[in-house]
Amino acid sequence: QTLGRMTSVAPLVDTMKPLFSQIDPLINLMDRAQWGFSLFDAGSWAYSSVTSSTLAPIIFVHRLQEQIPEEGLRPFPGRRVHHASSLWVFMIAISTLCAGILCPLLGAIVDRYHLRKVTTFGMSALSVVFMTCFAFTSHITLWQEVLVLVGLAMMFMSISHCFYNSLLLLVTESGDLIKVACLQSAIGGFAAAILLTLLGLADEENAGLERTYVIGCFLYAALWFIVLAIPMWVWLEEAPVDDADQSTAWESLRLSYVATLQAMANTEMMKYLVAMMLFNDASSTLHAVYLVYAASIGIPTHVLLLGAVANRWLSGISSLAWLGMSALMGPKMMMMASIFLTAVALVFCSWMETEVHFFLVIITMTVSHSGSYIFSRVLMASITPTQKASQNFGFMGMINRVAGFVGPFLFSTLSIAVDDRAGFMGLVGLALLGMVVFATVDFEKGKEMNEHVHVG
């Protein structure tokens with residue numbers, strides 16, 4: 001009888017062998033350095049999801065609503081609380097601009113002394129310090145002080161991400177770029193979702209955002225970040241400093257300047273960077289402002305928190321979906337699809353009035369963001385020789401952060417001069433212009449041009 005059962009099971013096992021062959025590589029998804037790289041992102045993403053992406057913007061709107069009637073404050077003459085979106089996004093623009101100015105200056109020294117990992121950790125630590133200060137004083141801070149503290153924290157985290165992204169080529173072979181980028185994004189999304197769920201942000205009883213609850217969320221998020229960052233510190237090893245290289249930090253700065261000029265001569269890479277600049281301006285402004293805007297038009301706090309949690313769960317799921325779809329389409333087509341979805345999310349946001357509209361924004365924005373996060377880095381890596389990883393990713397970070405002032409400035413100007421809907425539609429035009437420029441990029445030609453450039 002047992003033999004009969006084994007015989008009947010055998011065809012089923014044979015049928016499922018192709019499935020097992022697909023699952024088997026997942027058992028050893030990545031090597032230790034790749035796991036460390038991904039887990040750091042999981043900690044960073046989870047921390048930012050709790051602090052700067054969810055609680056900070058909602059607390060800012062609450063402080064603004066409380067203080068305007070008490071003190072007669074007006075963000076702009078004749079304007080009221082509904083311009084919270086403009087104030088918040090302007091703070092994002094300033095912090096991004098400062099990060100963009102600092103990135104190339106720090107990059108030359110970081111490259112010279114092989115300090116990518118140390119700089120990534122150091123900048124992240126500074127961000128956590130300022131966010132923790134905000135958490136402990138959030139019940140008494142003026143709305144202006146909220147903008148300053150959160151702006152400084154976001155500036156340091158932005159610099160950290162610039163150097164962190166340059167590590168992708170150091171831990172990944174070219175054939176594994178899409179797999180590692182998708183899995184890293186999925187791990188980050190699920191880690192953020194788990195932390196947001198464990199903290200109870202989706203629970204209606206926490207919608208009041210009591211001081212002890214807010215402080216607890218920030219501290220637990222910081223602990224989560226620290227624990228998940230440790231593997232990258234232990235497992236990811238940078239090359240030691242070349243003792244034969246006698247160049248000084250000033251010489252490194254000079255070489256960085258020369259490399260920047262040479263990178264600007266690569267027309268295909270510059271077209272790609274301009275396209276990403278336009279798209280990222282629109283996308284990052286949407287992510288910075290959607291919660292503030294939803295709060296200012298009266299979407300209940302518990303719905304905003306539920307949306308933030310749903311955002312992260314969907315981010316993890318959609319990252320795995322992008323991995324599956326990458327077998328059908330190349331990264332360039334996937335990136336174009338992500339840009340188009342971002343334009344759709346901006347249109348939805350411009351017409352948002354109800355909770356249903358809010359969740360439509362969440363769905364389209366999250367799916368598009370996970371795709372663009374994955375494939376923008378994969379495409380940059382495809383155009384970049386390994387020996388120029390830090391240089392090109394740093395240059396990309398510099399352009400995106402310096403030019404990142406454009407999207408928030410456009411949104412703020414249009415929303416103040418007309419209304420918030422006009423601001424969002426301006427961002428739609430920015431995203432679609434980026435897609436048009438992106439469609440003209442020849443990545444093979446760009447890589448050939450990079451490989452034949454030498455800095456001296």
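**Notebook: surface patch, cores and charge pairs**

I began with the surface and found a nonpolar patch made of Tyr-113, Leu-115, Val-118, Ile-226, Ile-230, Trp-233, Val-234 and Trp-235. Together these residues have about 710 Å² of accessible area. I note here that the model is predicted.

I asked which helix gives the most to the nonpolar patch. Helix H8, residues 211-235, does so with 5 residues. Val-234 is found in helix H8.

**Whole chain**

I counted secondary structure next: the chain has 17 helices and 0 strands. Of its 456 residues, 53% are buried. The chain exposes about 19400 Å², and carbon and sulfur atoms supply 68% of that area. I then looked up contacts with a separation of 6 or more, and residues 24 or more positions apart account for 86% of them.

**Nonpolar cores**

I looked into the largest nonpolar core, which has 93 residues. The members that touch the most others are Leu-55, Phe-60, Trp-88, Phe-134, Leu-201, Phe-358 and Phe-424. Helix H2 (residues 32-71) supplies the largest share of this core, 15 residues.

I took Phe-60 as an example and left aside its neighbours within four places in sequence. Phe-60 is then in contact with Ala-84, Leu-87, Trp-88, Trp-143, Val-146 and Leu-147. Trp-88 is itself listed among the core members that touch the most others.

I also found a second, separate core of 23 residues. Its members include Leu-273, Met-334, Val-378 and Met-380.

**Gln-34**

I checked a polar residue in helix H2, Gln-34. Is Gln-34 buried or exposed? Gln-34 counts as buried because its relative accessibility is 6%, and the cut-off for buried is under 20%. Not counting residues up to four places away in sequence, Gln-34 touches Val-171, Thr-172 and Val-180.

**Salt bridges**

How many salt bridges does a search of the whole structure find? I recorded 2. Side chains of opposite charge can pair when their charged atoms come close.

In one of them, Lys-271 pairs with Glu-268, and the closest N and O atoms are 3.4 Å apart. Both residues lie in helix H10 (residues 267-296), 3 residues apart, which is about one turn of the helix. I compared their exposure: Lys-271 is partly exposed at 27% relative accessible area, whereas Glu-268 is buried at 5%.

I then asked what Glu-268 touches, not counting residues up to four places away in sequence. I listed Thr-440, Val-441, Asp-442, Lys-445 and Gly-446. I also looked up the C-alpha atoms of Glu-268 and Phe-443, which are separated by 6.8 Å although the residues are 175 apart along the chain.

The side chains of Arg-421 and Glu-353 meet in another salt bridge, at 3.9 Å from N to O. This pair links distant parts of the chain, 68 residues apart. Arg-421 sits in helix H16 (residues 420-439), and Glu-353 in the loop between helix H12 (331-350) and helix H13 (355-382).

I looked up exposure for this pair too. Arg-421 counts as partly exposed at 27% relative accessibility. Glu-353 has a relative accessible area of 55%, and it is therefore exposed, the cut-off being over 50%.

Definitions and conventions
Residues numbered from 1 in each chain as written. Predicted model: local features only at pLDDT ≥ 70, side-chain atom pairs only at ≥ 80, totals over all residues. Heavy atoms only, no water. Salt bridge = Lys/Arg side-chain N within 4 Å of Asp/Glu carboxyl O. Helix = DSSP H or I, 4+ residues; strand = E, 2+ residues; numbered from the N terminus. Buried < 20%, exposed > 50% of the residue type's maximum accessible area, 1.4 Å probe, protein only. Core = buried A, V, L, I, M, F, W, Y, C linked by side-chain atoms within 4.5 Å. Contact = heavy atoms within 4.5 Å. Patch = residues over 30% accessible without salt bridge, like charges linked within 9 Å, V, L, I, M, F, W, Y side chains within 5 Å. Areas by Shrake-Rupley, 256 points an atom, 1.4 Å probe, with all protein chains shown as cover.
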